[in-house]
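Visitor: Could you take me through the salt bridges here, partner by partner? I'd like to know where each partner sits and whether it is buried or exposed.

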Amino acid sequence: MSARSTVIKVFVAGVFALASGAVAAQDIGQVKVAKGTVMVERAGTSQPVKVGMAIKTSDKITTGADGSAGITFTDNSLVSVGPNSVFSIEKYSFDSTTHAGEFEGSLKKGKLAAVSGKMVKQAPESMKIRTPSAVMGVRGTEFVVQVDEPKSN
């Protein structure tokens, strides 16, 4: 193996490593409003949410009894998470040129209000919200979802 071949292989490996890191850390939205106790769980750590904070795929937003948050995504979807809620972003992708994309979130408990963005206008089946008992495909532009905690017997 020549020295030139080794240099090219190292360069290509470095480019792939940088590209995969950039995709993993891609910002998909931004916190526009945060009141009370609001935490984001990312890569196994939990930190307080601040206005202007970037949101990434796989983030889990948790609000306390006094907490609420408003998030704007890159396709201009708006999601408001109410008090005592747990909302996870399971999948998100958006092409700003074609407006194609996919948004899958999961509301474990609490309340969520949303206004769909450009990707739903392009393809109505592109946004889904899961709850413990249902999967909702978003066909309209605005909706509210509430998941009550199970009652103990």
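**A close look at the salt bridges**

Guide: Let's start with Asp27, which counts as partly exposed because its relative accessible area is 42%, and that falls between the 20% and 50% cut-offs. Keep in mind that this is a predicted model. Asp27 pairs with Lys56 in a salt bridge, with N and O 2.4 Å apart. That brings together distant parts of the chain, as Asp27 belongs to strand β1 (residues 27-35) and Lys56 to strand β4 (residues 54-56), 29 residues away. Lys56 has a relative accessibility of 17%, so Lys56 counts as buried. As for the general idea, side chains of opposite charge can pair when their charged atoms come close.

Next up is Lys91, which forms a salt bridge with Glu102; here the closest N and O atoms are 3.9 Å apart. With the cut-off at 4 Å, that pair still gets in. Again, distant parts of the chain are linked: Lys91 is in strand β8 (residues 86-94) and Glu102 is in strand β9 (residues 101-115), 11 residues apart. Lys91 is partly exposed, at 41%, and Glu102 is also partly exposed, at 31%.

Strand β9 turns up once more with Glu104, whose side chain meets that of Arg130 in a salt bridge at 3.1 Å, N to O. Arg130 sits in strand β10, and the two residues are 26 apart in the chain. Arg130 is partly exposed at 31%, whereas Glu104 is buried, because its relative accessibility is 8%. This pair isn't on its own either: Glu90 joins Glu104 and Arg130 in a network of salt bridges. Across the model, the tally comes to 5 salt bridges.

While you're around Glu102, have a look at Ser126. Ser126 sits in the loop between α2 (118-122) and β10 (127-130), and β10 is the strand that holds Arg130. Leaving out neighbours within four places in sequence, Ser126 touches Gly101, Glu102, Phe103, Met119 and Val120. So Glu102 has Lys91 as its salt-bridge partner and Ser126 as a contact. Ser126 has a relative accessibility of 7%, so Ser126 counts as buried. A polar atom of the Ser126 side chain also lies 2.7 Å from the backbone oxygen of Ala123.

Terms used:
Residues are numbered from 1 along each chain as its sequence is written. This is a predicted model: local features need pLDDT of at least 70, side-chain atom pairs count only at pLDDT 80 or more; totals for chains, interfaces and linings use all residues. Side-chain values use heavy atoms; hydrogens and water are left out. Helices (H or I, at least four residues) and strands (E, at least two) are DSSP runs, numbered from the N terminus. Buried means under 20% relative accessible area, exposed over 50%, partly exposed in between (1.4 Å probe, protein chains only). A polar contact is a pair of N or O atoms within 3.5 Å; within protein, one must be able to donate a hydrogen and the other to accept it, and residues adjacent in sequence count only if both atoms are side-chain atoms. Contact means heavy atoms within 4.5 Å.
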